[in-house]
Amino acid sequence: MVHALEAPQEEAPAETPIAANQQGDGLQIPGSAGMGLIDGYSIEPDNINEEYFADSDVNLEFEIGEVDRSFEYDSSRQQALDVVIPKEPGPSAEVANTEAFSETTPNALKITSQAPVSTFSIDVDTAAYSVVRSSLMAGRMPPKDAVRIEEMINYFPYDYAAPEGTEPFQPTVQIGTSPWNEDKKLVHIAFQGAQITERPPMNLVFLIDTSGSMNAANKLPLLKQSFRLMLSELQPEDEVSIVTYAGSAGQVLEPTPASDRNAILSALDNLSAGGSTAGQAGLQQAYSVAETMAAEGEVTRVILATDGDFNVGISNPDTLKDYIADKRETGVYLSVLGFGRGNLDDATMQALAQNGNGQAAYIDTLSEAQKVLVDQLSGALFSIANDVKIQIEFNPAAVAEYRLIGYETRALRREDFNNDKVDAGEIGAGHSVTAIYEVTPVGSPAILNDPLRYQQVSETADTDELGFLKLRYKAPGSDTSQLIQTPLTQSDPLDNEALFAAAISGFAQLLRGEDSYLGDWGYDQAIALANSARGDDPFGYRSEAVKLMRLAKSLDQR
């Protein structure tokens with residue numbers, strides 16, 4: 001891309017060095033009376049004298065995060081050319097890494113006659129996709145455990161059937177041939193949350209990590225820019241408070257009407273990073289503030305923004321999970337936004353979000369902040385269905401084997417389905433949720449397990465039914481769940497929405513190295529399928545996914 005610069009007025013000695021520095025809300029690059037924006041970094045003129053850009057061409061190189069930037073001034077055209085130079089993969093490109101991701105074992109293949117029932121909680125988190133993108137754009141494969149398949153799939157908006165009447169969401173089921181094995185089928189289960197035209201007032205407590213680990217351009221400065229975007233979506237009756245945590249917790253903004261934008265922005269702009277990370281103390285104060293703001297009929301939520309580094313106070317994910325679960329009963333929900341890489345404690349962030357009735361997202365660019373905090377703000381902050389659980393009973397007369405693709409961290413016991421005291425995931429306004437099973441029909445040559453000598457499968461009256469789907473959910477504020485039931489019947493072929501979701505699920509399995517079920521199906525096939533099923537893509541999310549697939553193909557040397 002090209003950023004026009006005003007022509008320099010004076011010549012400078014050729015030997016004068018050019019320096020770049022990083023400060024404030026982004027990388028400050030001098031040399032112009034104008035201002036540009038590069039991938040969310042503000043480019044301002046005041047820190048390098050214009051005289052450096054004289055008649056002779058000069059070159060300025062520096063690092064932003066994990067790519068090199070080169071700014072070349074072409075004196076003949078009086079323009080600066082911005083060139084991104086990816087780092088060579090290797091030890092020098094690796095971040096000093098203390099990142100922690102929850103270790104997960106992929107769901108096992110189940111024999112229907114022995115284990116016909118599958119139960120899990122829905123998940124609307126999207127953090128895994130952004131972490132994968134961050135890794136691939138930095139020129140390296142993502143950690144295996146960072147790739148949660150359901151979060152990869154659910155990152156994308158889908159054109160699913162909208163609910164009718166007063167129902168909070170609409171479940172739809174498609175069953176079609178698996179793209180990587182024609183002798184198997186995919187059961188594609190989709191939920192589309194209802195859109196809302198009016199919402200109640202929101203009380204938001206921004207709990208912001210200002211510890212020393214946040215002192216990087218893609219952490220606190222990006223966080224500030226992200227919250228600036230979000231403020232434009234709030235209504236005048238909404239209220240905002242800001243609590244920070246570092247060496248100690250502190251409230252830097254009293255509850256303030258969202259209409260007082262200047263006061264909120266001033267408090268944000270004055271934040272700086274420094275100190276250790278007393279996350280638990282910050283959580284305590286944030287919940288205390290939120291409880292004073294809560295009112296009947298309003299939505300109250302704590303939004304924790306951090307690089308995930310909790311190194312002081314309660315740092316054990318299980319202990320923090322219990323603390324958040326207790327606070328959940330007060331009606332105050334918790335969402336978690338992750339920033340930066342290198343010490344991302346994903347395990348703790350997931351534990352907090354899952355038990356706080358909230359969503360976990362990872363913000364790696366300003367564009368991602370736009371998606372999460374502007375385009376999908378209502379879904380992120382306003383729940384329309386709580387404790388959503390799925391249970392499927394597969395028909396052993398029609399299905400020999402099955403496996404759930406993803407949702408390993410959301411597995412529930414069979415008896416949890418009817419127990420309204422067991423917590424599960426939430427669906428926000430306008431959210432879409434997807435779950436995919438791969439099933440092997442009875443009689444298929446793709447069956448992997450031999451039949452048992454002493455066991456017989458009882459025939460059922462209707463083998464067109466592959467199974468029976470049951471869903472439970474609670475209306476917000478209710479303690480009693482409601483039940484939805486529907487049979488699973490054949491519906492070949494899959495439409496483009498289901499095929500694109502299948503392409504992403506296959507891509508995620510390749511990234512995790514779990515390709516034993518995929519056979520010869522690889523990156524080329526994932527790219528072809530995603531391209532053919534891309535459909536309407538107004539914001540380019542699906543096109544970006546194809547680019548990431550191509551990058552992964554080049555980087556994956558296994």
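## Nonpolar cores

The largest nonpolar core of this predicted model brings together 68 residues. The residues with the most contacts inside that core are Phe191, Phe206, Ile208, Phe227, Met230, Ile427 and Tyr437. Ile427 is a good place to start looking. Leaving aside residues up to four places away in sequence, Ile427 touches Ile122, Phe169, Phe191, Gly193, Ser383, Ile384, Ala385, Val388 and Val433. Apart from this core lies another, of 43 residues, with Tyr155, Ile405, Ala501 and Ala508 among them.

As general background, nonpolar side chains tend to be buried together in soluble globular proteins.

## The chain as a whole

The chain has 558 residues, and buried residues make up 55% of them. Its secondary structure comes to twelve helices and 24 strands. Among contacts with a separation of 6 or more, 76% are between residues 24 or more positions apart. The chain exposes about 23600 Å², and carbon and sulfur atoms supply 46% of that area.

A word on confidence before going further: the average pLDDT of the chain is 82, and 78% of the residues score at least 70. Over residues 1–95 the pLDDT is below 50, and this stretch has 177 contacts in the model beyond near neighbours in sequence.

## A five-stranded sheet

One open sheet holds five strands in the order β9-β20-β22-β12-β11, and its pairing is antiparallel. The edge strands are β9 (110–111) and β11 (169–178), each of which pairs on one side only.

Within this sheet, β20 (residues 399–405) and β22 (residues 432–441) are joined by six bridges in the antiparallel sense. To find the register, look for Arg403, which stands opposite Glu438 in β22. Two core residues also fall in this pair of strands: Ile405 belongs to the core of 43 residues, while Tyr437 is listed among the residues with the most contacts in the core of 68.

## Buried helices and a parallel strand pair

Helix α7 (residues 346–355) is mostly covered, with ten of its ten residues buried. The buried residues of α7 include polar ones such as Asp346, Thr348, Gln350, Gln354 and Asn355, alongside Met349 and Leu352. Just after α7, Asn357 takes a positive phi of about 55 degrees.

Next comes β18, where Ala360 and Tyr362 point one way and Ala361 and Ile363 the other, and all are buried. Strand β18 runs parallel to β17, to which four bridges join it. In this pairing, Leu337 has Ala361 in β18 as its bridge partner.

Helix α8 (residues 366–375) is largely enclosed by the rest of the structure, because seven of its ten residues are buried. Those residues are Leu366, Glu368, Ala369, Lys371, Val372, Leu373 and Val374. Their cover includes α1 (127–137), α3, β17 (333–339), β18 (360–363), α9 (377–381) and α12 (541–555).

## Salt bridges

The model contains 21 salt bridges. One of them joins Asp307 to Lys219, with the closest N and O atoms 3.1 Å apart. This pair links distant parts of the chain, 88 residues apart: Asp307 sits in the loop between β16 (299–306) and α6 (317–328), and Lys219 in the loop between β13 (202–209) and α3 (220–231). Buried means under 20% relative accessible area, so Asp307 at 0% falls on the buried side, and so does Lys219 at 6%.

Arg512 and Glu514 also meet in a salt bridge, at 2.7 Å from N to O. Both ends are buried here too: Arg512 has a relative accessible area of 4%, and Glu514 one of 16%. The bridge between Arg413 and Asp416, at 3.1 Å from N to O, has a contrasting setting. Arg413 counts as exposed at 52% relative accessibility, whereas Asp416 counts as buried at 7%.

Finally, Arg133, Asp364, Glu368 and Glu544 are linked in a network of salt bridges. Glu368 ties this network back to helix α8, where Glu368 is one of the buried residues. The elements covering the buried residues of α8 include α1 (127–137) and α12 (541–555), and Arg133 and Glu544 of the network fall within those two residue ranges.

Note on methods:
Residues numbered from 1 in each chain as written. Predicted model: local features only at pLDDT ≥ 70, side-chain atom pairs only at ≥ 80, totals over all residues. Heavy atoms only, no water. Salt bridge = Lys/Arg side-chain N within 4 Å of Asp/Glu carboxyl O. Buried < 20%, exposed > 50% of the residue type's maximum accessible area, 1.4 Å probe, protein only. Core = buried A, V, L, I, M, F, W, Y, C linked by side-chain atoms within 4.5 Å. Contact = heavy atoms within 4.5 Å. Pairing = 2+ DSSP bridges. Areas by Shrake-Rupley, 256 points an atom, 1.4 Å probe, with all protein chains shown as cover. pLDDT = per-residue confidence, 0-100.
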